[in-house]
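Visitor: Could you walk me through this protein? I'd love to see how its pieces fit together.

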Amino acid sequence: MHRIPARTRKPKGAPRPSPVLVLLAALVFGSPAALTLPAFAQDPAPAGKSADGKPVPEAKSSDGKASETKPSDAKAAPPAARAEVPEQFKKVRAKLDAAKAELDAREKQLGHTDLTVADLTAIRDSAVTVTDEIRTLVTRLDAPLEAARERLAQLGPKPKDTQESADVAAERGEREAAVTRIDETQRLARALVVQGDQIVDRVSNRRRESFTRDLLQRSQPLVGPGLWTKVMGDVPRDTRALQSAVSDIGLLFSRNGNIANLLFLGLAFGISIALYFGRRNIAPKGARRDPAKADPSRRAVMLAAWRVILLGTVPAVAGSYAIYYALDSTNLLPSRLLPVAAAILGGLAFIAFVEALCDGLLSPEKPAWRPAPVSDAAATRLTRLAVGIATVITVVKSVEALNSGISAALPISIATRGIGAVATALILAVGLHRFADTEQEEEACFGPYVPTKTTTGIGGPARLLGWAAVALIGLGALVGYVAFAAFLIDQLIWDAAVLVLLYLLVQSVDIFVGRALSDETRLATTLQANTGLRKRSLNQISVLTTGATRLVLFLAAAVLVLAPWGLDSTDIVSSVRQAFFGFKVGDVTISLSSIAFGIGILVVGVFITRGVQRWLENTYLPATDLDAGLRNSITTVAGYCGFLIALALAFSYLGLSLEKLTIVAGALSVGIGFGLQSIVNNFVSGLLLLWERPIRVGDQVVIGDSEGIVKRISVRSTEIQTFDRSAVIVPNSNLISGVVKNRVRGDRTGRVSITVSVLRNQDPVRAAEMITACAQSHSDILKEPPPRVVFKKIGDPFLEFELLVGIVDVSLGQKVVTDLNFSVFATLSEAGFIPPLGPGSSIVTVQGLDTMQSAMGEIASRLIQPASVPEGGDSARLQRDRGLRSAGG
């Protein structure tokens, strides 16, 4: 079989420089100024030579003679630093050449067809290591290349019609050579990265093909006579091999069986037996599951489940390891039979783990301490089924290890694995059959169909998947796909263990993390007291924490479930690293790390902006003489500017230049033209409101039927609080294009009026003087302009006056009107200008209705007269009624 040659290594004492370190040395120490550019990218070439080593014609003066170099100029440019540049460049290129040679060697090895899984893994690991180093080199070259191009761009384009001076031409040549060197190095490195990724992809494809080929390889079927004929023919040979193994054990015991080894082995067996049998007593006591407690808390149930699992598994694992370590250390067992001992001991530990897992999760004997929502019958049957399958798996794996240890014939190995697969399928089928519902309820009356009560607690989809697994495992083993059947059994056991542990971990996270932050626990109280967080904030933190932990657990479970299908941890790490640090979609490189850091920059910028806004709003601006509206405008504009700066920094980190943002803005303009007109209109209107300030925070405005105080002017809308404490949200475009009445646009003063009526027989001048005096005595009424009374109407019973006064603050309008009404009413009532309420003032006499009054009195007297008819008048009235009916008849 072809072996992969080992990688060439240097002696132990010699350091092994990495290409990245060499490049960093070139970047940092390549120039006297220690710039970020590599030395070969920025230092000029030696005198008389260009950057690539070719001779450069001497610069001539204006008279055509060659310019002479002065001694002072020669001292200004030390030749040692200039001679060091090509050597550093050669070292970087040499490292790239070495990486290319190694990748070419690995690619050549992939051409062999007899590579094992270990060989493919070695090739993949080597290619990944080299590719990662080169990828880091490519990333480090981005900044020097950009700097070199920027330095070249400072010289401007090369003139076409005129010839530039010798100094400029030499400088341009040096900078062009530096850009060319870095660009060529980076392009070569990128090509090597692509080559390494292709090698990794080819290795992954070869491994998948090998896995599929081995999995679906068909052997002789169990139902055919050919397999059993070969088995009977190979039994004598394998029996002799087994006898030889037993004799080897006896020989080792006779050779190494001294007292020390035997005591050590006996001590290991004693400890193991004590641990195995002691765990049955330790686990129930250590779990502290009190059978008398009928309703324990979820936290106590989960803690007890984990204690049962750990106390039932750890002693068994420790006991198995103790025996294996003793057998390996004493050399009392042949090395080819050590895997048999490992299989037996590992199988016993696996059975103990399954028992502890079923006891902790299902708790058949203590239903109150059962974390899983299953019935008692289902818990008992699931425990028996799981332990039975674990026992069969242990026996089969032990026999397979024995066949491998004695080098049994292939037919016997196939028969062993096939019989084990069929036995597992039968046990699973019997268990599923027992899960069928046995309790049937008869229908007591006619009516809608009611399904029978399920006593097992196992749903139909789970049983359906179980029967499908039974069919695939049993039929696969019988028709010859023994490897496929064995793989399905291993996958079934592995997936069941992973899912059970996932369920326990998810429930533990919800109980110990989620409820610890959301309920009234000591941790939640401590966090509220020390951090000032509200209970609602802690609930949100609890939800986010449990959600993120659940996501991590589900991803880890998915990786573990896919592990037996050939998915290697290195592949997962490589894929995650590629997704996190950048992958290409066409010509666009998407880096989750860059996106995460960009979002982090934006969040930090917004946080700083909010802090500056709070400082302006609460500390600085209140100390100035600015009004509330102007302070709000300054705070809002500062928030916009801070957000835009943070957004620009985030975009610049992501590599989005102004040209790219212009393209994005052009694409967004189409959407704005169709569906975002109102939003942009309100946004622009909000900016106009903040700039022109026709209304400000604190103004009293009237918009349509709503009147109130402006509380907040945001980007899209303005919030107005009415006098009944309701909030009216008005789009900014309505304030710009509509009619708005601002009562305090110029100042806070205002005007109110009240209407007063006095009797017609009173002196109007005296009434006006008393009303004016009431207004002048009020403290909230302006002296200038003075209050004045308008004589509006001369009515029949009353004279109507209107009092107009100016007030110091428009918000005091209702108060002033109320005070004036009280004061004017009291003054005019005392003077007799307003008569007291009584009959004389409430009854109005109308002349000329005497005739109508007499007629109404006559009608009333006739209607009241029948009530005074004496007894016996009823018969006369009945006779009169009969006469009227007969006359009308």
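**Helices and a sheet**

Guide: Welcome! In this predicted model, the axes of helix α10 (residues 338–361) and helix α14 (residues 482–518) come within 12 Å of each other and cross at roughly 40°.

Visitor: Are α10 and α14 roughly parallel or oblique, and why?

Guide: Start from the crossing angle, which is roughly 40°. Angles under 35 degrees would count as roughly parallel, and those over 145 as roughly antiparallel. The crossing of α10 and α14 therefore counts as oblique.

Visitor: How many nonpolar residues are in the contact of α10 with α14?

Guide: Let's see who takes part. From α10 come F350, L357 and L361, while α14 brings I493, V500, L501, Y503 and L504. No polar and no charged residues are found in this contact, and the nonpolar ones number 8.

Visitor: What about α10 and α11: are they roughly parallel or antiparallel, and why?

Guide: Helix α11 covers residues 376–405, and its axis comes within 8 Å of the axis of α10. The two axes cross at roughly 175°. An angle over 145 degrees counts as roughly antiparallel, so the relation of α10 to α11 is roughly antiparallel.

Visitor: How many charged residues does the contact of α10 with α11 have?

Guide: On the α10 side, the residues include P339, F350 and E355, and on the α11 side they include T383, K397 and L402. Sorted by type, the contact has 14 nonpolar and 5 polar residues. The number of charged residues is 2.

Visitor: Now the sheet! Which strands stand at the edges, and why is one side of each left without a neighbour?

Guide: The open sheet has 3 strands in the order β8-β10-β9, with antiparallel pairing. Each edge strand has a single partner, so one side of it has no neighbour in the sheet. These edge strands are β8 (750–759) and β9 (788–794).

Visitor: Which residue in β10 stands opposite R751?

Guide: Strand β10 (residues 798–807) pairs with β8 in the antiparallel sense over 10 bridges. Opposite R751 in this strand stands G806.

Visitor: Which helix lies across β8, β9 and β10?

Guide: Look for the helix that runs at about 25° to β10. It spans residues 764–776, and its name is α23.

Visitor: How many contacts beyond four places in sequence does the model have for residues 867–873?

Guide: Across the protein chain, pLDDT averages 76, but over residues 867–873 it stays under 50. Where pLDDT is low, the predicted coordinates should not be read in detail. For residues 867–873, the number of such contacts in the model is 0.

Definitions and conventions: Residues are numbered from 1 along each chain as its sequence is written. This is a predicted model: local features need pLDDT of at least 70, side-chain atom pairs count only at pLDDT 80 or more; totals for chains, interfaces and linings use all residues. Side-chain values use heavy atoms; hydrogens and water are left out. pLDDT is the predictor's confidence in each residue, from 0 to 100. Contact means heavy atoms within 4.5 Å. Two strands pair if DSSP finds at least two bridges between them. Helices (H or I, at least four residues) and strands (E, at least two) are DSSP runs, numbered from the N terminus. Axes are lines fitted to C-alpha atoms, for helices over the stretch in contact, and angles run from 0 to 180 degrees between N-to-C directions. Angles under 35 degrees count as roughly parallel, over 145 as roughly antiparallel, 65 to 115 as roughly perpendicular and the rest as oblique. Ala, Val, Leu, Ile, Met, Phe, Trp, Tyr, Cys and Pro count as nonpolar, Asp, Glu, Lys and Arg as charged, and the others, Gly among them, as polar.
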